[in-house]
Amino acid sequence: MWKNIFLIFVKIFVLMIPFICISLIISQFPMNFLDGEYAYFYQNEEYSESHKNYCRVLIIGDSVAKSSWLPEKLSDDTYNFALGGTSPVEEYYYLRNYLQNNDVPEYVILTQGIGHFMTIDTLWNRSVYFHRIGTSEILDIYRKSKEVGDESIFDENSLADLFLYNIYSPTFYSTAFFRGLITDRYNENITMYNNVVNNKGQIQFGQEDCVDDVNHMADYTSFDYCKIADYYFREMIKLCRENNIKFIYQSAPFNESTYKNLHEQFIKEYDNYMEQIQEDFPETVINSDIFYFENDCFGDMLHLNINGTIKFSEEMKSKYSYVFEPQEVK
């Protein structure tokens with residue numbers, strides 16, 4: 001009997017060896033296998049943990065922010081700390097961790113797509129998948145979600161999935177593993193890493209010279225903000241206040257095609273929401289006006305191309321001259 005039980009365990013162990021190997025290999029060599037925006041997430045965490053030069057102006061937000069704000073057009077002490085797909089939920093923890101490891105910036109400027117106030121759609125397949133956010137933070141989000149009555153980020157399998165992500169389970173990482181075996185993933189990631197380092201956190205997502213298409217924001221007939229996003233948006237502002245950081249929210253442009261197709265009720269409800277934020281936090285700067293750039297400023301339906309980025313950055317430098325060109329006190 002015991003011999004049979006032993007043989008069963010041996011067979012199970014043998015069957016598990018390939019899965020264990022995949023987990024161990026990816027955990028030790030993520031740059032060789034992880035795809036998508038892993039290099040950006042890795043570099044972002046690296047910058048957060050340690051960097052040499054003081055960052056006086058920290059840009060945060062999602063891919064819209066990451067593509068729109070070009071530090072070289074702003075100031076020597078500006079850094080683009082944004083990450084693609086992030087919402088106020090992730091941004092709060094990334095900012096909190098940054099402040100724990102670095103000198104406090106004078107300004108924090110948040111820019112993000114309006115959609116990330118409405119849904120948290122990439123927490124698991126980016127921030128958790130890339131191990132950019134920790135277990136304790138996910139559990140904290142879980143508790144806060146229950147408190148505010150918005151558990152849309154979680155389902156009955158979420159905590160079990162968290163364990164599988166933590167051990168680099170083939171359940172989530174086998175595709176990346178096998179693709180990494182047949183592609184030069186490492187050099188692709190190194191190239192992306194070097195590009196984002198050289199641009200002080202900024203990169204382009206869209207590469208087209210002109211985009212006439214209408215993006216998905218024109219489909220919304222109302223602005224229904226997500227309770228958990230609202231909670232962390234407010235917590236982020238409070239975090240800045242506690243650290244004597246001047247907080248600015250600055251919206252990014254739509255392409256002209258999308259702007260002309262936005263629903264009036266959607267715009268009205270979004271404006272009302274931002275007016276309430278401004279009222280609740282009068283010390284902050286909330287510039288949430290919806291506006292557009294011409295279609296030839298866009299590289300895809302959501303993101304500026306390099307010409308649009310330069311235009312936006314130059315306009316913002318002029319608009320916030322007191323931020324980017326502070327006058328010395330005599």
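**Exercise 1. Two helices**

How are α8 and α9 oriented to each other, roughly parallel or oblique? Work from the predicted model.

*Solution.*
Step 1. Locate the helices: α8 covers residues 158–166 and α9 covers residues 170–182.
Step 2. Take the geometry of the pair. Their axes come within 9 Å and cross at roughly 40°.
Step 3. Apply the cut-off. Angles under 35 degrees count as roughly parallel, and 65 to 115 as roughly perpendicular. The crossing angle is roughly 40°, so α8 and α9 are oblique to each other.
Step 4. List the residues that touch. From α8 these are D161, L164 and Y165, and from α9 they are T171, F172 and Y173.
Step 5. Sort them by class: the contact of α8 with α9 has four nonpolar residues, one polar and one charged.

**Exercise 2. The enclosed space**

Find how many cavities of 30 Å³ or more the whole structure holds, and describe the lining of the largest cavity.

*Solution.*
Step 1. Recall the method: a probe the size of a water molecule, rolled over the atoms, shows where empty space is left.
Step 2. Count. A search of the whole structure gives one cavity of 30 Å³ or more, and the largest cavity holds about 50 Å³ of space.
Step 3. Name the lining: I60, G61, F81, A82, L83, T86, E91, Y94 and L95.
Step 4. Assign the lining to elements. Two or more residues come from each of β1 (57–61) and α5 (88–101). The largest share, three residues, belongs to α5.
Step 5. Sort by class: six residues of this lining are nonpolar, two are polar and one is charged.

**Exercise 3. The open pockets**

Give the volumes of the largest pocket and the second largest pocket, then describe what lines them.

*Solution.*
Step 1. The largest pocket contains about 450 Å³ of space. Its lining has 32 residues, and those closest to its centre are D62, V64, G113, I114 and L302.
Step 2. By class, the lining of the largest pocket has 14 nonpolar, 13 polar and five charged residues.
Step 3. The second largest pocket has a volume of about 210 Å³. Its lining consists of Y47, H51, K52, N53, Y54, C55, D76, D77, T78, Y79, V197 and K200.
Step 4. In the second largest pocket, five lining residues are nonpolar, three are polar and four are charged.

**Exercise 4. Residues of the second pocket**

D76 and K200 are among the residues that line the second largest pocket. Place each in the chain and decide whether D76 and K200 are buried, partly exposed or exposed.

*Solution.*
Step 1. D76 sits in the loop between α4 (63–68) and β2 (78–80).
Step 2. The relative accessible area of D76 is 77%, so D76 is exposed; the cut-off is over 50%.
Step 3. Y54 also lines this pocket. Y54 and D76 are 22 residues apart along the chain, and their C-alpha atoms are separated by 9.6 Å.
Step 4. K200 belongs to the loop between α10 (185–198) and α11 (227–242). K200 has a relative accessibility of 26% and therefore counts as partly exposed.

**Exercise 5. Positive phi**

What is the phi of K200, and what is the phi of N244? Describe the setting of N244.

*Solution.*
Step 1. K200 is not a glycine, yet its phi is positive, about 55°.
Step 2. N244 is not a glycine either, and has a positive phi of about 60°.
Step 3. N244 lies in the loop between α11 and β4 (246–250).
Step 4. With a relative accessible area of 69%, N244 is exposed.

How values were computed: Residues numbered from 1 in each chain as written. Predicted model: local features only at pLDDT ≥ 70, side-chain atom pairs only at ≥ 80, totals over all residues. Heavy atoms only, no water. 1 Å grid on protein atoms, 1.4 Å probe; cavity = no way out; pocket = protein on both sides within 12 Å on 5 of 7 lines; lining within 4 Å. Points joined across faces, edges and corners; volume = space filled by probe spheres on them. Helix = DSSP H or I, 4+ residues; strand = E, 2+ residues; numbered from the N terminus. Nonpolar A, V, L, I, M, F, W, Y, C, P; charged D, E, K, R; others polar. Buried < 20%, exposed > 50% of the residue type's maximum accessible area, 1.4 Å probe, protein only. Axes fitted to C-alpha atoms, helices over the stretch in contact; angles between N-to-C directions. Parallel < 35°, antiparallel > 145°, perpendicular 65-115°, else oblique. Contact = heavy atoms within 4.5 Å.
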